[in-house]
Structures are given as C-alpha cells and as structure tokens.
Amino acid sequence: MALTTARAAARDARSADAGSLGAGSTSTPSARTPSPGARPVTREADGLAVASFVLGLLGLLVMNIVLGPVAIVMALLALARSTARRGRALLGLGLGIADLVVLAVLVTANGTVSWSLAG
C-alpha cells in the first residue's frame, strides 16, 4: 500500500511539472532566444547603409543636389541604428558630402546649378 502511494505521489509530481511547462506556462524565455524585433531593425539599417552608398555614388554623376543630402541622411540613420555594414554607411556619408562639394565647385565655376560634361 505504501508503494502504490509513493508511485501515485511521483506520478502527480511529474504531471504537475509537465503541466507547468505547457502552453499556459508563464516562465521567462532563455537568454539565447532572440527577441522577435531584433533582426528586422538590423536588416533595415543594413539596407539604409547600402542605399546611402548607392545614392551617394549615383549623386556624383547626376542630381547631386538631391541625392547628396538623401545619402547623408540615410547614412546617419544607418549609423544611428547600429548597422552591421558600418563601412558602407561611412562610404555613403562620404560620398554624400562629396556630392555637395562637387555641386559647390560646379556652381562657383558656372554660376548655375546645372552643368554638363560637354563644356
């Protein structure tokens, strides 16, 4: 009789442990489980870094009055959001500044915002 009581108590303890780990569990997640919102922010910041680089590079050739400031803003946002592509964001920042420098040189040389390669 004592043996069946001990087995029943052990069975009850196991079922109580299994019940506490089920769907209604309020236990905290482990430290290795990433938060659901962590990856999209990094991915978005990486996209901003690449976009700033591309727009800064494109701005050296055309529409530097628009693309330069846009590249600068995107690079600063990517750096503020801790992008994994920090070098690309810094290149986008540098190219955006170079766009504005090229614009300033061309405006002082021609006296207008428009310019052409034909001379």
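Helices here are DSSP runs of type H or I with at least four residues, numbered from the N terminus. The model on display is predicted.

**First stop: helix α4 and Val107**

Select residues 86-110, which make up helix α4, and find Val107 within that helix. Val107 has a relative accessibility of 31% and therefore counts as partly exposed.

**Second stop: the nonpolar patch**

Keep Val107 selected and add Leu58, Leu61, Val62, Met63, Ile65, Val66, Val70 and Val113; together these residues form a nonpolar patch on the surface. Their combined accessible area is about 750 Å². Now colour the patch by secondary structure element: helix α3, residues 64-80, supplies its largest share, with 3 residues.

**Third stop: the α3 and α4 pair**

Display helices α3 and α4 with their axes. Two packed helices are described by the angle between their axes and by the distance between those axes. For α3 and α4, the axes come within 8 Å and cross at roughly 155°. The angle lies over the 145 degree cut-off, so α3 runs roughly antiparallel to α4. The handedness of the α3 and α4 crossing is left-handed.

**Fourth stop: Met63, ahead of α3**

Move to the loop between α2 (38-59) and α3, where Met63 is located. This residue, already selected as a member of the nonpolar patch, has a positive phi of about 50° although it is not a glycine. Is Met63 buried or exposed? With a relative accessibility of 54%, Met63 counts as exposed.

**Fifth stop: Ser82, in the loop between α3 and α4**

Next, select Ser82, which lies in the loop between α3 and α4. Ser82 is likewise a residue other than glycine with a positive phi, here near 55°. The relative accessible area of Ser82 is 56%, so this residue is exposed.

**Last stop: Glu44 and Arg81**

How many salt bridges does a search of the whole structure find? The search returns 1. To view the salt bridge, show the side chains of Glu44 and Arg81, whose closest N and O atoms are 2.1 Å apart. Glu44 belongs to helix α2 and Arg81 to the loop between α3 and α4, so the pair ties together parts that are 37 residues apart in sequence. A surface display completes the view: Glu44 is partly exposed, with a relative accessible area of 46%, and Arg81 is also partly exposed, at 33%.

Note on methods:
Residues numbered from 1 in each chain as written. Predicted model: local features only at pLDDT ≥ 70, side-chain atom pairs only at ≥ 80, totals over all residues. Heavy atoms only, no water. Patch = residues over 30% accessible without salt bridge, like charges linked within 9 Å, V, L, I, M, F, W, Y side chains within 5 Å. Areas by Shrake-Rupley, 256 points an atom, 1.4 Å probe, with all protein chains shown as cover. Salt bridge = Lys/Arg side-chain N within 4 Å of Asp/Glu carboxyl O. Helix = DSSP H or I, 4+ residues; strand = E, 2+ residues; numbered from the N terminus. Buried < 20%, exposed > 50% of the residue type's maximum accessible area, 1.4 Å probe, protein only. Axes fitted to C-alpha atoms, helices over the stretch in contact; angles between N-to-C directions. Parallel < 35°, antiparallel > 145°, perpendicular 65-115°, else oblique. Left-handed = near helix turned anticlockwise from the far one by under 90°.
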